[in-house]
Amino acid sequence: MYNITVVAGDGTGPEVMAEAKKVLNKTGDVFGKKFQFNDYLIGGIAYEKFGTPLPDVTIKAAKDSDAVMLGAVGDWKYDTLPPEVRPERALLGIRKELNLFANLRPAIVWEELVSSSPLKPEIVSGVDIMIIRELTGDVYFGEPKGVEIRNGKKVGFNNMIYTEDEIRRIAHVAFKTAMVRDKKLCSVDKANVLDVSRLWREIVIEVSKEYPEVELSHMYVDAASMQLVRAPKQFSTIVTGNIFGDILSDEASMLAGSLGLLPSASLSDTGVSLYEPIHGSAPDLTGQDVVNPIATILSGAMMLKYSFKMDEAYTKIENAIKDVLKEGYRTKDIMSEGKILVGTKKMGDLIASKI
Ligand code: IPM
Ligand code: MG
């Protein structure tokens, strides 16, 4: 039996999480495994109950479990809260608490959905990119930071900082990932301007010596963001820092057609990993049964693969999703002419029924 801490969060988080549980339960039945889901609060809903978006009980439960599944956090109604209790803080907090330094964000364009992308079919067809985003460092966590008065004027500042050890450990994850893909790795930085990026590049090159089979390239982040839409098929595995990875992964989701399609796995070198869709909580759509649960269902599939080594089950879920899409079912975000529009729950039911 696997113990899974579930933090569904705010907005539409609980809706997509319910569908992921449905599909995972079915998969468990088929593969003779039992998943025990234990629900805890995170984000705005946790703030309302405990006065903090990341309560200690949630952290403890997460640390004591075999894996964590997260829906999404945030709602406009919390936008006026002080920064230290905003829902997004919980997300950064749990990443730090669990030492989830490696965030794997696959952007795969499925043939069935080529027409859902705003880009031309010949550009996106066949895209299969793994973005590896460093998740516990960079300007997200760097000190000093703040807003203060200097010479009578407000100034805001953050610190973009990486230690060589932080760069080295994410580089190893990236090279290992590239080794089991097609041995091509592109490291994205801004080494033409930033000192921190120059160190990034230096260390990535140093680590590359241990992986002579991997063809390493480097690209500046501005060029990479342009190339991602101009010719995305040139990329296979990308490794980059926290903020560049945040931005590039949202951009990459549009290759696939919708933010509602991209899952992610956040891994540490010790202990539990966390699985979450890359999208947000879409509070405006809450309770309408319209959001796409596929990203969260796929995040569950990644959990089976990375935390429980159930590779076959991963493929089974992926194929179930492809079958449902092949039959023409679409949620609103990926709807196109001649297809059958279904809601969140129905999409989950259909996928579960194919397992
Ligand atoms: C993501 C999100 C988060 C991030 C936000 C909600 C804090 O955009 O997971 O990509 O910036 O990391
Ligand atoms: Mg983001």
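This report describes the surroundings of ligand 1 and two local backbone features in a predicted model.

**The ligand site**

Ligand 1 sits in the largest pocket, where the residues around it are Glu 88, Leu 91, Arg 95, Arg 105, Arg 133, Tyr 140 and Asp 246. Sorted by class, this shell holds five charged and two nonpolar residues, with no polar residue among its members. Helix α4, which spans residues 87–97, supplies three residues and thereby the largest share of the shell. Because domain 1 (1–104 + 260–355) and domain 2 (128–254) both contribute residues to the shell, ligand 1 lies between the two domains.

Polar side-chain atoms of Arg 133, Tyr 140 and Asp 246 each lie at a short listed distance from an oxygen atom of the ligand, as set out below.

| Residue | Partner | Distance |
|---|---|---|
| Arg 133, polar side-chain atom | oxygen atom of ligand 1 | 2.8 Å |
| Tyr 140, polar side-chain atom | oxygen atom of ligand 1 | 2.5 Å |
| Asp 246, side-chain N or O atom | oxygen atom of ligand 1 | 2.9 Å |

Taken alone, ligand 1 would expose 320 Å², and the protein buries 77% of that area.

**Backbone features**

Most residues other than glycine have a negative phi, and most peptide bonds are trans. Against this background, the peptide bond that joins Glu 143 and Pro 144 is cis, with omega at about 0°; Pro 144 belongs to the loop that runs between strand β5 (128–134) and strand β6 (146–150). Asn 99, a residue other than glycine, has a positive phi, near 60°, and is placed in the loop between helix α4 and strand β4 (102–108). Helix α4 thus appears in both parts of this account, giving three residues to the shell around ligand 1 and bordering the loop that holds Asn 99.

Technical notes
Residues are numbered from 1 along each chain as its sequence is written. Chains are lettered from A and ligands numbered from 1 in the order in which they are written. This is a predicted model: local features need pLDDT of at least 70, side-chain atom pairs count only at pLDDT 80 or more; totals for chains, interfaces and linings use all residues. Side-chain values use heavy atoms; hydrogens and water are left out. A residue is near a molecule or strand if one of its heavy atoms lies within 4 Å of it. A polar contact is a pair of N or O atoms within 3.5 Å; within protein, one must be able to donate a hydrogen and the other to accept it, and residues adjacent in sequence count only if both atoms are side-chain atoms. Accessible areas come from the Shrake-Rupley method with a 1.4 Å probe; for residues, only the protein chains shown count as cover. On a 1 Å grid over the protein atoms alone, a cavity is a set of points where a 1.4 Å probe fits but cannot get out, and a pocket is an open set with protein on both sides within 12 Å along at least five of seven lines; lining residues have an atom within 4 Å of a point. A molecule sits in a cavity or pocket if more than half of its atoms lie within 2 Å of its grid points. Helices (H or I, at least four residues) and strands (E, at least two) are DSSP runs, numbered from the N terminus. Ala, Val, Leu, Ile, Met, Phe, Trp, Tyr, Cys and Pro count as nonpolar, Asp, Glu, Lys and Arg as charged, and the others, Gly among them, as polar. Domain bounds come from an automatic or database domain assignment.
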